[in-house]
Amino acid sequence: MKFAELRYSKDPYDILEGRFIKRLPDTLKDIYIRQKCPCKYEEIEINGGLGYTVTLPLSKNDLNKRRYDCKKIITRTADFLKEKDVGIVVAPGIDFDIGLRISEGRAIMAIFILPVIKKILKDRGKSLKDAEILIMGKSDFLTKLVIDSLYSGVNFLSVYTDNENTFFELAEEIENDVGLNMNIFSEKKNSAIRGADVIINTGMPFQNIFKKGSSYIELGKNKSHAKKLSLKRSDMFFIDSFNMLISGKTYGKELFEAYAYSQFAEFSRFLNNEYDRSRALYILDFFNAFDIKITSCGFLG
């Protein structure tokens, strides 16, 4: 299996080829783009895994306009990629089915959440040793993966959820494993929310009661709410993305997840099934063996 990254053009006319096409009036160029869906394909390689970067004949602004039938162009591009054995794509801004798995990088961010937190705290002059970590999430795949990624490396861990009972068995296993007493609660105004140094939200609604100077990591789909909060809370640090250095090159979480999904069958099986804790711990050990450095973290919104 291969992977691909869809990119937008600064100017859709720039990727048109051929003297005759380039000389056409803009109205005819638009007709040509709508009918032929011309894209620019380039092969890329990540750590031995092969894929493509695909520059679409669309600007990002075109997604919200009627200049082209964007859905048709992107779907036809996806159909072509499937013929090239592509099984997963990075497709920013695409919220409709294109017949391929779309990499959002959320699983990879969950897997590397501990080094991400270490990077955040270090950059802000804080220590992981004394940091209070809060996970806000429902009893789902992503929340459980974040817990399993974190528990062995922190001293204070709380989980704010809408169903405490679903985490009690996991909490007991963790306490038996490393002696960590995980605090699980469902009260909206629990002191653990107000006292957290780092908040990781995988899908719970929230109130603006976080303490001054805390860091908020958005892993769910609350980006619009997090963005609004970031405009009100300049004292906090907001994160929904990170870059990693591997084999001398830097990649974002979405592209690395696409690469990993296409190259490692065990990882793709893990993501395509219900959460299996034994498999999750194996996956975590597998990726921890990679020589990867977190180079930057930020909020794209």
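Let's start with one contact and work outwards: the side chains of Asp 197 and Lys 211 meet in a salt bridge, 2.8 Å from N to O. Asp 197 sits in the loop between helix H8 (191-195) and strand E9 (198-201), while Lys 211 belongs to the loop between E9 and strand E10 (215-218), so the pair ties together parts that are 14 residues apart in sequence. The two partners differ in their surroundings: Asp 197 counts as buried, at 13% relative accessibility, whereas Lys 211 is partly exposed, with a relative accessible area of 29%. Please keep in mind that this is a predicted model.

The strands beside that salt bridge lead us into a sheet. Here 6 strands form an open sheet with parallel pairing, in the order E8-E7-E6-E9-E10-E11. At its edges stand E8 and strand E11 (237-239), each with a single partner strand, so one side of each is left without a neighbour in the sheet. On average, neighbouring strands of this sheet are turned by 15° against each other, direction ignored. For one pairing in detail, look at strand E6 (residues 132-136) and strand E7 (residues 156-160), which pair in the parallel sense over 5 bridges; the bridge partner of Glu 132 in E7 is Phe 156. Helix H6 packs on the sheet, where it touches E6, E7 and E9, and its direction makes about 160° with that of E6.

H6 also brings us to helix H7 (residues 168-178). In H7, Leu 170, Ala 171 and Ile 174 are buried. Seen down the axis of H7, the buried residues fall within an arc of 100°, so they line one face of the helix. They pack against helix H6 (141-150), strand E8 (183-185) and helix H12 (277-288). Turned away from that buried side is a face carrying the exposed residues Glu 169, Glu 172 and Asn 176. After H7 comes Gly 179, whose phi is positive, near 80°. Charged residues deserve a look here as well: Asp 148, Glu 173 and Arg 277 are linked in a network of salt bridges.

Now for a glycine in a loop. Gly 220 has its place between E10 and helix H9 (223-232), and at 7% relative accessibility Gly 220 counts as buried. Not counting residues up to four places away in sequence, Gly 220 touches Arg 106, Asn 201, Thr 202 and Gly 203. From Gly 220 we can step across to Thr 75: their C-alpha atoms are separated by 26 Å, and the two residues are 145 apart along the chain.

That step takes us to another sheet. In this one, 5 strands form an open sheet in the order E2-E3-E1-E4-E5, and the pairing is mixed. Strand E2 (40-46) and strand E5 (101-102) stand at the edges, each with a single partner strand, so one side of each is left without a neighbour in the sheet. Strand E1 (residues 2-7) and strand E4 (residues 86-90) run parallel and are joined by 4 bridges, with Lys 2 standing opposite Val 86 in E4.

Two helices lie across these strands. H3 lies across E1, E2, strand E3 (49-55) and E4, running at about 155° to E1. Helix H10 (residues 253-263) lies across E1, E2, E3, E4 and E5, and runs at about 170° to E4.

Each of these helices holds a salt bridge worth a visit. In H3 (residues 70-83), Lys 82 and Asp 79 are 3 residues apart, separated by about one helical turn, and their side chains meet in a salt bridge of 3.3 Å, N to O. Lys 82 is partly exposed, at 38% relative accessible area, and Asp 79 is partly exposed too, at 35%. In the other pair, Lys 253 forms a salt bridge with Glu 254, the closest N and O atoms being 3.0 Å apart. Lys 253 counts as buried, at 3% relative accessibility, whereas Glu 254 is partly exposed, at 22%. The count of salt bridges comes to 13.

Finally, the interior. In soluble globular proteins, nonpolar side chains tend to be buried together. The largest nonpolar core has 63 residues, of which Ile 117, Leu 150, Ile 200, Phe 256, Phe 267 and Phe 287 touch the most other members. Leaving aside neighbours within four places in sequence, Phe 256 is in contact with Ile 108, Phe 112, Met 244, Ile 246, Phe 287, Phe 290 and Ile 292. A second, separate core of 26 residues includes Leu 16, Val 54, Ile 74 and Ile 94.

Methods. Residues numbered from 1 in each chain as written. Predicted model: local features only at pLDDT ≥ 70, side-chain atom pairs only at ≥ 80, totals over all residues. Heavy atoms only, no water. Buried < 20%, exposed > 50% of the residue type's maximum accessible area, 1.4 Å probe, protein only. Arc of directions from axis to C-beta. Contact = heavy atoms within 4.5 Å. Core = buried A, V, L, I, M, F, W, Y, C linked by side-chain atoms within 4.5 Å. Salt bridge = Lys/Arg side-chain N within 4 Å of Asp/Glu carboxyl O. Pairing = 2+ DSSP bridges. Axes fitted to C-alpha atoms, helices over the stretch in contact; angles between N-to-C directions.
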